[in-house]
Amino acid sequence: MSDMMSQVREAAARMPGAVFASLDIDPVLIEVGAIARVAPYLSGKGFKRVGLVADRTTYAIAGEALEAAIAGSGVQVQSTLIAPNAQGDVIADEASLVQLILDAKRFGAEVILAVGSGTLHDIARFTAYAISVPFVSVPTAPSVDGFNSVGAPLILRGDKTTIQTIGPIAIFADLDILTKAPAPLVAAGFGDMLGKFTSLFDWSFGRAAAGEIYSDVVADMTRRALEKCVANVEAIAERTPDGIRVLTEALVESGFAMLLLGQSHPASGAEHHLSHYWEMEFLRTGRKQILHGAKVGVACGVIADRYKRWADEGPLPSLPAEKQAEIREALAAIPPADVIKGWLRKIGGPAETEELGVSEELLARSLKEAHRIRPNRFTLLRAYNESR
C-alpha cells in the first residue's frame, strides 16, 4: 500500500494545482487484519464519541465487532443501522440522510465511521460534512471506487445529484472481510473499473471538443489502475487474496485520481450517466435497485458499441478537423463491446442490459436523454445527441 501512496504523492508533485488535501488520508490500509487497527486509531486520535453507520448486513459482517472493540477501548459508540426503503434497498436519499444526521447530532458524534460499501459511505460522508465532523472508511466489499471520494451521489427528490462534501481521514480495508464479500459485489467493483475505458475516452473527447479541464498525470494514474484489474481478471474472478487486493487498490487509486483533479472526469463518463438514468427510472417505478458497478459495467459495453458504430458513420460531432484523428485513436483504444462483456461474464457479473432488467425502450430513451444528468460534462454521447 505504501508503494501506491508514494506513486500518488509523486503524481501530485508533477501536477500543478493538485488538490493536496486529498493526500491527508492516513492511514490507508489494505491488508489482512486492518479492522483490528480501527479502535486503537480512534482512541489514539482522542475521539470520545463515535457514530457508527451500517446496514443490517454490514453490521453483522463487521459493525457489531467494531462497536464492541471501540467500546472496549473506552470510547463511546452509537450504531445507526440505515433503514431500507419499501423495496428493501438502502439508498442515499433524504430519509437515510435525516436518520443519520439526527442520530449523530443527538449523540454528539465527533466522528462518523462508515462500515459498508458505496451507498453507506455516501450517507456517511454527507452527514459528516453536514455536521462538520470527519469520517473514517471501513469498506466491507470492493464494490466501488468512491471510498476516498469527496463526491456524494445522492437521490434528492428522485433525481441523482452529486454533492461535493469531504473525503475520509483514514481507510481500513480488511482483506479477510473483502475476500468474503458476495460475488456480485466483487463483480460490481470490477464493472466500475471497466467503466474507465469509456470515461477516459469521454474525458479526452471533452478536452478536444469543449476545452474541459484535463491532466495527463491523472489520466495515466486511472489507466494504470484499470490495466492492473484487467491483467488480474482471473485472480479477481476467483476472489484470491491477491486478486481482491489488486481490485481494492485499483478502486482506491482511481479515487485518489479524482481527488487530485478535484473532479470525477477520469472515472465518470457516458457509462455513468446511463447507470444513473437507469437508477432513477427504477426508483421512479418502485423497482429494486441494481448494484452501481453492475450497471456501469454493462453500460460501458453499450457505450463502447455505440461510439465505435458512430465513428464508422463519419466525422465525430463537435470536433475540429485537426482533432478527428487524435480522438479516433483514443476511441480505438476502447476494447470491443464483446471483449468487455467477456470480462464481465468471467468475473461473474451481468453483461447485457436484459440481465439488469433494462428494457429496450428504457435503453433507447437513456441513450437519448442520459447526457442531461450532468449538463456540465461534454461526452461524445452528448455531442451526438445535440448534433442531430
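Colleague: In this predicted model, how many nonpolar, polar and charged residues does the lining of the second largest pocket have?
Modeller: Sorted by class, that lining comes to nine nonpolar, one polar and five charged residues. The pocket holds about 300 Å³ of space. Its lining takes in 15 residues, with Leu-200, Ser-204, Arg-223, Ala-330 and Ala-333 closest to the centre. So, for your tally, by class: nine nonpolar, one polar and five charged.

Colleague: Which element gives the most to that lining?
Modeller: Three elements supply two or more residues each: helix 8 (196-210), helix 9 (216-231) and helix 14 (324-332). The top contributor gives five residues, and that's helix 8.

Colleague: Within what arc do the buried residues of helix 15 fall?
Modeller: Helix 15 covers residues 337-347, and its buried ones are Ala-337, Ile-340, Lys-341, Trp-343, Leu-344 and Ile-347. Looking down the helix axis, they line one face because they fall within an arc of 155 degrees.

Colleague: Is the aromatic pair of Phe-197 and Trp-343 stacked or edge-to-face?
Modeller: Phe-197 lies in helix 8 and Trp-343 in helix 15, so the pair ties together parts 146 residues apart in sequence. Both rings belong to buried residues, Phe-197 at 16% relative accessible area and Trp-343 at 17%. Their centres are 5.9 Å apart with 10 degrees between the planes. Planes under 30 degrees apart count as stacked, so this pair is stacked.

Colleague: And what about Trp-203 and Tyr-214, at what angle are their planes?
Modeller: Trp-203 is buried, with just 1% relative accessible area. The ring centres sit 4.3 Å apart, and the pair is tilted because the planes are at 40 degrees.

Conventions. Residues numbered from 1 in each chain as written. Predicted model: local features only at pLDDT ≥ 70, side-chain atom pairs only at ≥ 80, totals over all residues. Heavy atoms only, no water. 1 Å grid on protein atoms, 1.4 Å probe; cavity = no way out; pocket = protein on both sides within 12 Å on 5 of 7 lines; lining within 4 Å. Points joined across faces, edges and corners; volume = space filled by probe spheres on them. Helix = DSSP H or I, 4+ residues; strand = E, 2+ residues; numbered from the N terminus. Buried < 20%, exposed > 50% of the residue type's maximum accessible area, 1.4 Å probe, protein only. Arc of directions from axis to C-beta. Phe/Tyr/Trp six-rings, centres within 6.5 Å; stacked < 30°, edge-to-face > 60°.
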